[in-house]
Amino acid sequence: MQLTYLEAIRQGIWEEMDRDPSVFCLGEDIGIYGGAFKVTDGFIDRFGPERVIDTPIAESAIVGAAFGASLTGMRPVAEFQFMDFIGCAFNQISNMVAKAHYLWDAPAPLVLRGPSGGYVHGGPFHSQNPEMWFVHNPGLKVICPATPYDAKGLIKAAIRDNNPCIFFEHKYLYRRIKGEVPAEDYVVPIGKANIVREGHDLSIITYAAMVHTALEAAELLSKEGIDLEILDLRTVSPLDREAIAQTVKKTNKVIILHEHSRTGGLAGEIAAIINEEAFDDLDGPIVRITGMDSAVPFSPPQEKHFLPKLEDIVREARRLKAY
Amino acid sequence: MPAKKKSATKSHANGNRSSEDSGGSNARVGTAAPGSQIERSSTRTYSIPDTRLEHPDLSVHQHRDPKTDEVRYEVTGNLNAPVPPIRDSKYLDKKQCIEIYRYMLLNRKMETALENLYKQGKVVGGVYFGLGQEACSCASAYALAKDDWFAPMIRNQGSLLVRGFGASVTMMQYMAKADSPTRGRDGTSHFGDLDERNMVSPISMLGDLIPVMAGVALGARLQGRDVAVMTYIGDGGQSTGVTYEGINFAAVQNLGLVLFIESNLWAYSTPSEMQYLCQDLAERAIGYGIPGVIVDGTDACQVYDAARDAVERAHRGEGPTMIEAKMMRMKGHAIHDAATYVPKPMFDFWKKRDPIARFENYLVKEKKWLTVKENADLILEVEQVIEAEREIAVNSPMPTPESAEGGVFCEDGCHDIKPKYGMPKVKKGTGGFKETEAAVHLK
């Protein structure tokens, strides 16, 4: 059936709660209200208030309590109303949860999920892509789906995973894209990237909302004979090194595209991986297209300037093709 | 400067909130029947029970010497107040008192052994002492049932002994040995045990254990069990925001958190007078809507009684309790810290209140539950146990360098995670999955 990106996530969590009584949800306004974006709409009626818990506004307590519950063998799914607020729980995530298995052999099978990303005029505190803070933190898995199929498959995989998974749902995609989602039970493996468009001339490595902008650019550029291959990372940590190497070996030219700001961003990490895995296969410099090094501004013309645009991709692709 | 005025405290408990009929779960808010009122604590009597037999009026303040310009701490108050007797326990019999006393001796002797190991260069990093706090660590943990959970802080090494970890475990942690519970990956009391002793590992940041322990109780309750979850926080540590978030979460979710606030008067070099303004930290319980009680942290009987009452409340599904145990940290923050900032008269005052000396006097002289010889034999036995544990720890190997690798993730079936108390019994509503409408303001 055709589902929106949001409905796919919602169905994924619903199915997991249906099949596994150890799964439960906690977060702000997720109960009777159904969540700020309605991801848990109807959950409290179906699963009861014990399993769909409205918490106080206390992100450190939300993460801490989720971790504690996971120590008793439960599988909590904790929601951040906006992933911008994940910073409020930074110490719990970084020092309590991420290190637990390595230090004292305690697995933390919890999922931290919530809406991230811009293009909705949300301003600096409702538009962030904070994933890099957690990519840089050993012990966490960081997942950023771009399609309804992947969103459902990956949220199910994350809930079943014995490790702490941070699941970033791009809010721009929530109700703007629809895709084919099977009715039967399936998972998408964490840590595996996906070729969403095969091509020969150059590769774009990207994820989340930028995948769709890259596809738009590919359409445009195909008319001038530039054939883009697009690799959707799907999981941002651990990165699929093999898939990254493979696409570079195939096209020999690569653009790395991400919405979050430039310095210390994922493109730097991927460029280093390409250097390690496929240096000899490069026929041109690694190009990166990223957000600016600033907070995400509020006013629409400013936000448009901050974020990567279709024109940026088209321009850089033409430049790199000609190199 | 005048000493802080202590108001008389009443001895009746502040109002107990009845748990609502919740159809199987004790989440008062979550499962309250539709239409029924949530009871809120609205007592304005502001009384916190205080079981102490004395109320020290000591007060620390900064003082600048007019001649030398040196700024030092000074203590005022009645430094000559007589040491009160141990308060008879409501629950403990002779055998149990002697058991607690023995744990306190083990605690003290283990830390002496650690100090010696440090001086012999066998310890990696520093050593943290709970000197003067043995009654709090041991008597509190003694009140836990086997299925309860606990999470010690750095100075609660006595609680580890009560819960069944040998002294060699703590020693191996400090010496970073391969056979430590963390295989050398962390030191001090930073380890856990999810299988047998239900222990959650602390981290170095303070207060973070509190929401975690609340979560443990939440997870257990979802599996149909009301367990007590005990943890500790210092008068310094409780200043953090996560402390507030954790206690409040436990309170509003009615979780069985037994929280010991160890008011040992010094947070590293910072006296409690510079840490908070309220008279007694237990007063904060009123703000959270939970019962609070003040006990003498150097009196094992008082500590035990408060812990026992709180643990039983937790088992009955009646929610959290805050216990403020008053005592003093009798060494520096860690072994490197001579604590010269502490006014010497304070050390003298609290040394007279040494928990082990007080309990020994109680058992031997007052209750006559131990003869002088039995006491001497007990002390000797404890010393022998510690010596044997020390041998085990010292002779165990250091980890290999490569042992640093692995275990970042739980992969390849390294843990089979299942609800500890059995799969939760869930009741599902009949509604099927229906697509939703976007919330208006976020379209």
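Let's start with chain A. Of its 323 residues, 62% count as buried. Keep in mind that this is a predicted model. Everything I say today is computed from it.

Staying with chain A, the secondary structure comes to 12 helices and 14 strands. Is the chain as compact as a globular protein of its length, or more extended? The radius of gyration is 19 Å, and the globule rule gives 20 Å for 323 residues, so chain A is as compact as a globular protein of that length. Along the principal axes, its C-alpha trace spans about 60 × 40 × 40 Å. Now the contacts. Take those in chain A with a separation of 6 or more: 80% of them join residues 24 or more positions apart.

Next, the domains of chain A. The assignment gives two entries: domain 1 covers 2-180, and domain 2 covers 194-322. Their C-alpha centres are 26 Å apart. Across the boundary, 25 residues of domain 1 are in contact with 22 residues of domain 2. Which elements supply the domain 1 side? Helix 6 (132-135), strand 6 (141-143) and helix 7 (148-160) of chain A each bring at least two residues. Strand 6 of chain A gives the most, with 3 residues. By class, that side of domain 1 has 14 nonpolar, 8 polar and 3 charged residues.

On to chain B. Here we have 11 helices and 9 strands. Of the 443 residues in chain B, 47% are buried. Among contacts in chain B with a separation of 6 or more, 75% link residues at least 24 positions apart.

How do the two chains meet? The contact takes 58 residues from chain B and 52 residues from chain A. On the chain B side, helix 5 (209-222) and helix 6 (241-252) each supply at least two residues. Helix 5 of chain B has the largest share, 10 residues. Sort the chain B side by class and you get 30 nonpolar, 18 polar and 10 charged.

Let me stay on helix 6 of chain B. First, its length. At 1.5 Å a residue, its 12 residues should span 16 Å, and the end C-alpha atoms are 17 Å apart, which agrees. Is this helix enclosed or open? 11 of its 12 residues are buried, so helix 6 of chain B is largely enclosed by the rest of the structure. The buried residues include Tyr244(B), Glu245(B), Ile247(B), Asn248(B) and Phe249(B). What covers them? Part of the cover comes from chain A, through helix 3 (59-71). Chain B contributes helix 5, strand 4 (229-234), strand 5 (257-263) and helix 7 (284-288), among the covering elements. Just after the helix, look at Asn254(B): its phi is positive, at about 55 degrees.

Compare that with another helix, helix 11 of chain B, residues 372-395. Its 24 residues should span 34 Å at 1.5 Å a residue; the end C-alpha atoms are 35 Å apart, which agrees. Which residues are buried here? They are Val382(B), Ile386(B), Glu389(B), Arg390(B) and Ala393(B). Look at the spacing as you read that list. An α-helix has 3.6 residues a turn, so residues three or four places apart point the same way. The cover over the buried residues of helix 11 of chain B includes helix 1 (94-119) and helix 4 (167-174) of chain B.

Now the core. The largest nonpolar core has 219 residues. Met213(B) and Ile323(B) have the most contacts inside it. Chain A is in there too: domain 1 and domain 2 of chain A each give at least three residues to this core. What does Ile323(B) touch? Beyond its neighbours within four places in sequence, its contacts include Leu259(B), Phe260(B), Ile261(B), Val293(B) and Val295(B). Three alanines are also in contact with Ile323(B): Ala306(B), Ala307(B) and Ala310(B).

Last stop, a cysteine. Cys136(B) sits in helix 2 of chain B, residues 134-142. Buried or exposed? With 34 C-beta neighbours inside 10 Å, Cys136(B) counts as buried; the cut-off is 20 or more. Leaving out residues up to four places away in sequence, Cys136(B) touches Phe260(B), Glu262(B), Gly297(B), Val303(B), Ala325(B) and Met327(B). Phe260(B) is also a contact of Ile323(B). How far is Cys136(B) from Cys301(B)? They are 165 residues apart in sequence, and 9.7 Å apart in space, C-alpha to C-alpha.

Technical notes. Residues are numbered from 1 along each chain as its sequence is written. Chains are lettered from A and ligands numbered from 1 in the order in which they are written. This is a predicted model: local features need pLDDT of at least 70, side-chain atom pairs count only at pLDDT 80 or more; totals for chains, interfaces and linings use all residues. A nonpolar core is a set of buried Ala, Val, Leu, Ile, Met, Phe, Trp, Tyr and Cys residues joined through C-beta atoms within 7 Å. Domain bounds come from an automatic or database domain assignment. Two residues are in contact if their C-beta atoms, placed from the backbone, lie within 7 Å. Helices (H or I, at least four residues) and strands (E, at least two) are DSSP runs, numbered from the N terminus. Ala, Val, Leu, Ile, Met, Phe, Trp, Tyr, Cys and Pro count as nonpolar, Asp, Glu, Lys and Arg as charged, and the others, Gly among them, as polar. The radius of gyration is taken over C-alpha atoms; the globule rule is 2.2 Å times the number of residues to the power 0.38. The expected span of a helix is 1.5 Å times one less than its number of residues.
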